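Got your viewer open? Keep the selection tool handy, and we'll walk through this model one stop at a time.

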Amino acid sequence: MTACINTVAFHGIEGQGLDVQVKISNGFSNCTIVGSSYSHQALSILIFLAVISFLILLPGQAVAQVRINDVSGLNETIVSEIRTPVTEEDVQEAIREALSSNKKISIAGRRHSQGGHIMTDQAIVLDMTGFNKIINLDVPASLLRVQSGVTWAQIQDYLNPRGLAVKVQQSSNIFTVGGSLGANIHGRDPRFGTIIDTIRSFRIVTPRGEILTVSREENADLFSLAIGGYGLFGVITEVELEVVQNSVLRRINSVMSCKDYISFLDKNIRNDPKIEVHYARPDITKRNFMKSCLVTSYIRMADKPEQLQPLMQEKLVEGSKWLLNLSRKTDWGKDARWFIQEALLDETGAPEIISRNNAMRPPIEFLDYKSEADTDVLQEYFIPIGNSESFISDLGKIVSNENINILSITLRFIKKDDQSSLPYAVEDGVAFVLYINHGKDESAIAHAKLWTQKIIDAALRNNGTYYLTYANYASREQFAAAYPLGVNFFEKKRFYDPSLVFMNKFYEMYGD
Ligand SMILES: Cc1cc2nc3c(=O)[nH]c(=O)nc-3n(C[C@H](O)[C@H](O)[C@H](O)COP(=O)(O)OP(=O)(O)OC[C@H]3O[C@@H](n4cnc5c(N)ncnc54)[C@H](O)[C@@H]3O)c2cc1C
């Protein structure tokens with residue numbers, strides 16, 4: 001009899017609600033009671049009581065909570081559900097349901113934004129990774145049409161055998177196209193600006209449930225709002241983006257002082273059409289913080305390879321992880337890592353002559369880090385070239401005074417963005433990408449917020465901005481100073497989405 005009750009109770013928990021009744025009577029009629037004189041009616045009451053007490057004793061199981069977090073591990077949020085739509089009708093259905101039940105919708109790609117952009121409390125989260133099809137390649141027009149949950153890695157797999165490559169993506173290829181549009185990302189090709197420059201059109205399901213084609217000619221207002229709109233203007237479902245030849249590049253490395261590097265970037269990099277990938281890595285050790293820089297440029301040798309270079313896979317992951325961890329935990333580890341980087345001049349082990357696709361898939365797996373106690377986060381600041389030296393000096397002081405555990409810094413050229421509604425690249429400048437480790441406990445987070453605000457103040461003093469895709473530690477005043485167009489952006493949000501059905505913590509922090 002016990003086994004029978006357990007079975008019934010289990011069905012009841014699984015089915016919940018009305019289903020419990022049905023399963024109980026089913027279970028009951030299947031029970032065989034050996035050596036019992038109970039009537040069916042008495043047994044029925046007993047089973048009913050057992051189910052009720054089981055539900056009362058295990059409330060956690062009866063009401064399961066759905067949690068979501070981003071890659072920083074600092075934004076765990078309880079949501080109502082996570083759904084993976086695969087058609088535009090699925091998205092429309094979710095919007096209908098949210099509007100009729102007064103719920104919110106948030107949108108997630110690979111969840112690498114770090115400031116609550118993919119969630120809000122009790123939202124229906126649309127996980128867009130199910131929208132993962134490559135739709136069409138128009139070779140003469142150099143245009144690729146994909147669904148928005150496709151990653152750059154998938155696109156590289158598709159384009160490489162066809163001799164083509166992406167125009168703008170992040171430094172690495174793990175992100176979705178939709179998430180990249182959501183943040184209006186930038187890459188390492190100094191010839192191109194943020195991704196908006198390379199988008200021809202997209203389809204979007206709006207907060208009212210309409211499906212629109214959006215381009216510079218059609219529904220143009222939404223073109224500049226949804227790119228860099230952090231999912232607040234609807235769900236992007238398909239994207240038409242420009243592609244280029246998978247050219248042959250030669251890697252050139254050098255070492256110079258960071259001071260010299262800024263003028264080198266200005267004079268030698270920003271206007272050279274042959275440089276297709278460029279970045280610099282400053283020394284981040286305590287003794288010589290941002291004194292010298294390892295500078296890497298990939299210069300075009302030929303438009304097309306004579307032979308297709310297969311896509312390279314990441315090597316030496318464990319070794320690189322070990323070295324990074326050493327520098328995460330100790331100052332001498334940072335010294336050792338810099339010593340090795342400087343000696344080798346290139347930490348990727350990639351060949352000197354390399355295809356564009358391969359130069360656009362640097363190692364990333366070694367960054368994967370899970371710890372209960374601490375986390376690695378990113379921050380980024382965009383500073384006019386002329387003020388970069390002064391920002392370096394300000395940054396050095398803050399890092400030293402606040403004892404910030406910087407793991408790496410990358411410098412890149414960033415071209416002015418005059419198309420998106422919330423631009424971070426307000427003029428040609430230097431992008432400072434900071435990779436930082438800090439604790440997850442309350443006081444460590446409060447400290448991270450404090451020094452982040454100090455760095456943002458330094459960026460603002462130097463007429464710069466900060467990247468919105470990372471932790472939302474900036475005060476509302478700092479946001480307003482860095483993004484004066486924010487007022488108009490959020491007014492448009494309320495115009496296109498009067499019910500505020502698309503919601504996330506970014507809007508809650510700065511949009512209200
Ligand atoms: C290790 C690392 C390296 C990085 N390197 C770079 C870099 O080189 N350059 C750079 O610019 N950034 C960089 N970033 C930041 C990164 O590009 C952004 O956070 C990007 O948004 C991540 O893409 P995702 O697929 O994870 O998007 P998510 O974080 O899942 O989503 C980002 C935003 O887009 C919205 N969104 C997602 N899909 C859709 C959709 N289909 N329709 C509408 N809105 C949508 C979301 O609601 C959210 O607001 C890096 C981040 C990390 C962690």
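Start by selecting Ser475, which sits in the loop between strand 19 (465-466) and helix 15 (476-482). Helices (H or I, at least four residues) and strands (E, at least two) are DSSP runs, numbered from the N terminus. Ser475 counts as partly exposed because 15 other C-beta atoms lie within 10 Å. The cut-offs go like this: 20 or more other C-beta atoms within 10 Å of a residue's own means buried, 12 or fewer means exposed, and in between is partly exposed, with C-beta atoms placed from the backbone. Now add Tyr510: it is 35 residues along the chain from Ser475, yet their C-alpha atoms are separated by 8.5 Å.

A word on what you're looking at. This is a predicted model, where local features need pLDDT of at least 70 and side-chain atom pairs count only at pLDDT 80 or more, while totals for chains, interfaces and linings use all residues. Residues are numbered from 1 along each chain as its sequence is written.

Next, colour by pLDDT, the predictor's confidence in each residue, from 0 to 100. The mean for the protein chain is 90, and 87% of its residues reach 70 or more. Select residues 1-38, though, and pLDDT stays under 50.

Zoom out to the whole chain: it has 17 helices and 19 strands. Of its 512 residues, 42% are buried.

Now select strand 4 (105-108). Are its faces covered or bare? Both are covered: Ile105 and Ile107 on one side, and Ser106 and Ala108 on the other, are all buried. In a regular strand the side chains alternate between the two faces of the sheet. Add strand 5 (residues 124-127), which pairs with strand 4 in the parallel sense over 4 bridges. Strands count as paired if DSSP finds at least two bridges between them. Look for Leu126 in strand 5, the bridge partner of Ile107.

Ile105 and Leu126 turn up again at the next stop, along with Val430: these three have the most contacts inside the largest nonpolar core, which has 114 residues. Such a core is a set of buried Ala, Val, Leu, Ile, Met, Phe, Trp, Tyr and Cys residues joined through C-beta atoms within 7 Å. Strand 17 (residues 405-414) gives the largest share of this core, 6 residues.

Then select the ligand. Which residues come nearest to it? Among the 31 residues around the ligand, they are Gly109, Gly178, Gly179, Gly182 and Gly231. Helix 7 (177-183) is one of the elements that supply at least two residues of this shell, and its 5 residues are the largest share.

Walk on to Asn184, in the loop between helix 7 and strand 9 (199-205). Asn184 has a positive phi of about 50°, although it is not a glycine. Is Asn184 buried or exposed? It is buried, because 29 other C-beta atoms lie within 10 Å.

Compare Leu500, in the loop between helix 16 (486-496) and helix 17 (505-510). Leu500 also has a positive phi of about 50° without being a glycine. It counts as partly exposed, because it has 15 C-beta neighbours inside 10 Å.

For the last stop, select strand 6 (residues 134-138), where the count of buried residues among its 5 residues is 0. Strand 7 (residues 143-147) runs antiparallel to strand 6, joined by 4 bridges. Asn136 stands opposite Arg145 in strand 7. The two strands form a hairpin with 4 residues between them, and Ser142 in the turn has a positive phi of about 55°.

How values were computed:
Near = placed C-beta within 6 Å. Contact = placed C-beta atoms within 7 Å.
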